[in-house]
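Please look at the sequence and the structure shown here, and then follow the report below, which goes from single residues to a helix, a cavity and the chain as a whole.

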Amino acid sequence: MEHLADLVDLYEYRVEDLALGRTPKGGKRALLQLRAFLIQARLPGPLAKRFRQADARFRALRQSLNPSPPLETPPLDLLPPALENLEEPTPTEKPSPLRAMALKVWRLLAEREVKARAKDLLTGRREELRLIHAFLGNYLEYREKETFKRDFNLSRFHPTQPIPSLSDSLMDLEDPKVAEALVTEFLETALHLPQDLPLPPEETRTYIRRFLNRILEWEEAYGLPAKRDLLPLKKALEEAKNLGASALEIARLEERLRKEAQEERRRELLLEEERRRFRVAAEKVLALLNLLPTPQGEAPWPRVPEPGQGEENLLTLPLRPGRIPLGPLVLTLSQVEGTWHLGLGGEDHVLEDTLVIPWEDLEVLAVREGELLHLRLEARSGLKLYELLAEGRMLALLLNPSQDHVYLRLLRALSARLKGEFSPQAFGPELAGKYRQAPWEALQDFARKVLELALKRLGGADPTPLLQEVGQALGQEQEALVLAEALREYLGRRPPTRETLGGEVHLLSIGAEPLALKVGQTVLSLRPRNAPSQDPQEDVIYVGQAGEVPQRLKDLLVYRLPEGMVILAREGRRLAYLVMENP
């Protein structure tokens, strides 16, 4: 409250400066930003009244620049100098080509996650999809009204389109394509919200939450019968008694009133239940906003390197015919009768804005913006390579030997706490002695089992409260918070992408010949060895360096080096790896 009062005071002072012909402190842009913030803030009554008075004065000062309709225009030299060139903040400039390509890449990657999320919404009564449909209908309708642009608190918004029923003939909520289209349109609407409103991107979630709440507060949103008015019946019964009506007539009115009251109570209970279920659905709908790129959501912006500064699996280049090496693949770029084509494996594909070319267990993502082309090599969405790399990042933290394997001890303590058998003495530093004596491969297998068991017992809940309790008991509060953040990120980034893995992902094909990986000053050797059955799925791969015993790579291996840890993931003939530097 005091913070808002100070901001209203500051706004009044700056408007007073304008009236006296002085440039307000912080400049004109600071004044406009403060005004925009106060417009959307929930000011209590007295503060709201003061702000409206100051804002009316501000608008009157600005109106003197462009009176409507002007009978005569005052000379510019008679206007206060601080009002000259005072305009609303300029609209967002057109994004750079690299930013535009990053947005297109985000859309391609988001399609994968939308398909996975939409499947989860195709169960039960599909409250989330029905609520999204109601949001889109009401938002698009309200966006066309004059009050929309300045109604940040939605005080003038009145829903008109109810939540559709599960059996709505105009919707086929059992169709996965319909579910994907609804989620995609919801994300696109949220993405463009700051363009529809003078609203900071960080406020997107707050605005949509407010919009959904207004829909859920509307009783007619749920398709229930209209509220019964019992007052006429009560008056009729009272009048009948006063006029000395027969006992039969009075009994008939009392029975009718009782039934109507029962029906109204039944409707109220049903309304409460519907609201409860849809409020739970609203939280799931808001969770979809995490898929948006920062700062609106939690998805990092895809990396798009500058032209000529490509990486192994990422490349940005000008549109020119020729051969393009991309990881283990070689593509061809050609132009025929003004149309660009991207070729792979002897097949040409028309290159428009975006293009996805599947190749075995990989995908080539191509994005065009003007005369620039961005290419990136990704694992197919059905592969587990990225999931394995995400798990490997968690294992790298758990296997960190610093502070007597504090993270592995904390995770074991959390698992015991979830089971109800936590004793701080059982997870002290002396436990690390057993970890140091164990072979590396056995310790990694043990850490994977601990992680799997802890996540199973956690059940998707926020690990922070219990980890804080466990960390305090072990005297490792700061490390417990680090582990809690890592677990939240691991659980929340499903499915993971190249960007959420936090490092450069390398993709390789496994053949009959050994491979050499250079990590810093170290060269790792990957040597395939066929199993007796000659089944490619049972091939054994050993990873090592000169002078050391090689380690076996099954599906996941965390390999320690002086420079950091190499996380290697394998599925069939495809291998992915990334390097995590030492903190």
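In this predicted model, valine 280 has a relative accessible area of 44%, so it is classed as partly exposed, a class that lies between buried, under 20%, and exposed, over 50%. This valine belongs to helix α10. Although valine 280 and glutamate 128 are 152 residues apart in sequence, their C-alpha atoms are 8.8 Å apart in space.

The same cut-offs can be applied to other residues, and the table sets a few of them side by side.

| Residue | Relative accessible area | Class |
|---|---|---|
| Valine 280 | 44% | partly exposed |
| Glutamine 296 | 12% | buried |
| Arginine 574 | 2% | buried |
| Leucine 154 | 0% | buried |
| Glutamine 403 | 44% | partly exposed |

Glutamine 296 is found in the loop between α10 and β1 (314-318), and proline 295 lies in that loop as well. The peptide bond that joins threonine 294 to proline 295 is cis, with omega at about 5°. What does the side chain of glutamine 296 meet? A polar atom of this side chain lies 2.8 Å from the backbone oxygen of alanine 190. When neighbours within four places in sequence are left aside, the contacts of glutamine 296 include Ala190, Leu191 and Pro194, together with Pro201, Thr204 and Leu289.

Ala190 and Leu191 lead to helix α6, where both of them are among the buried residues, along with others including Leu182, Phe186 and Leu187. An α-helix has 3.6 residues a turn, so residues three or four places apart point the same way. The buried residues of α6 are covered by several other helices, including α4 (97-121), α5 (127-142), α7 (193-196), α8 (204-217) and α10 (247-287). At the N-terminal end of α6, aspartate 175 acts as a cap, with a side-chain oxygen 3.0 Å from the backbone nitrogen of lysine 177. Why should α6 span 22 Å? The helix has 16 residues (residues 176-191), and at 1.5 Å a residue, counted for one less than the number of residues, this gives 22 Å, in agreement with the 22 Å between its end C-alpha atoms.

Arginine 574 lies in strand β16 (residues 574-581). The side chain of this arginine reaches the backbone oxygen of leucine 508 at 3.5 Å. Beyond its neighbours within four places in sequence, arginine 574 is in contact with residues including Pro328, Glu360, Asp361, Leu385 and Ile510.

Two residues of the table also call for a look at the backbone. Leucine 154, in the loop between α5 and α6, has a positive phi of about 60° although it is not a glycine. Glutamine 403, in helix α12 (residues 402-419), likewise has a positive phi, near 55°, and is a residue other than glycine.

How many cavities of 30 Å³ or more does a search of the whole structure find? The search finds one, and the space in the largest cavity is about 40 Å³. Its lining is made up of Asn138, Glu141, Tyr142, Lys145, Phe157, His158, Pro159 and Thr160, which divide into three nonpolar, three polar and two charged residues.

Finally, the chain as a whole has 16 helices and 16 strands, and 45% of its 583 residues are buried. Of the contacts between residues at least 6 apart in sequence, 63% join residues at least 24 apart.

Notes:
Residues are numbered from 1 along each chain as its sequence is written. This is a predicted model: local features need pLDDT of at least 70, side-chain atom pairs count only at pLDDT 80 or more; totals for chains, interfaces and linings use all residues. Side-chain values use heavy atoms; hydrogens and water are left out. On a 1 Å grid over the protein atoms alone, a cavity is a set of points where a 1.4 Å probe fits but cannot get out, and a pocket is an open set with protein on both sides within 12 Å along at least five of seven lines; lining residues have an atom within 4 Å of a point. Grid points are joined across faces, edges and corners, and a volume is the space filled by probe spheres set on the points. Ala, Val, Leu, Ile, Met, Phe, Trp, Tyr, Cys and Pro count as nonpolar, Asp, Glu, Lys and Arg as charged, and the others, Gly among them, as polar. Helices (H or I, at least four residues) and strands (E, at least two) are DSSP runs, numbered from the N terminus. Buried means under 20% relative accessible area, exposed over 50%, partly exposed in between (1.4 Å probe, protein chains only). Contact means heavy atoms within 4.5 Å. A polar contact is a pair of N or O atoms within 3.5 Å; within protein, one must be able to donate a hydrogen and the other to accept it, and residues adjacent in sequence count only if both atoms are side-chain atoms.
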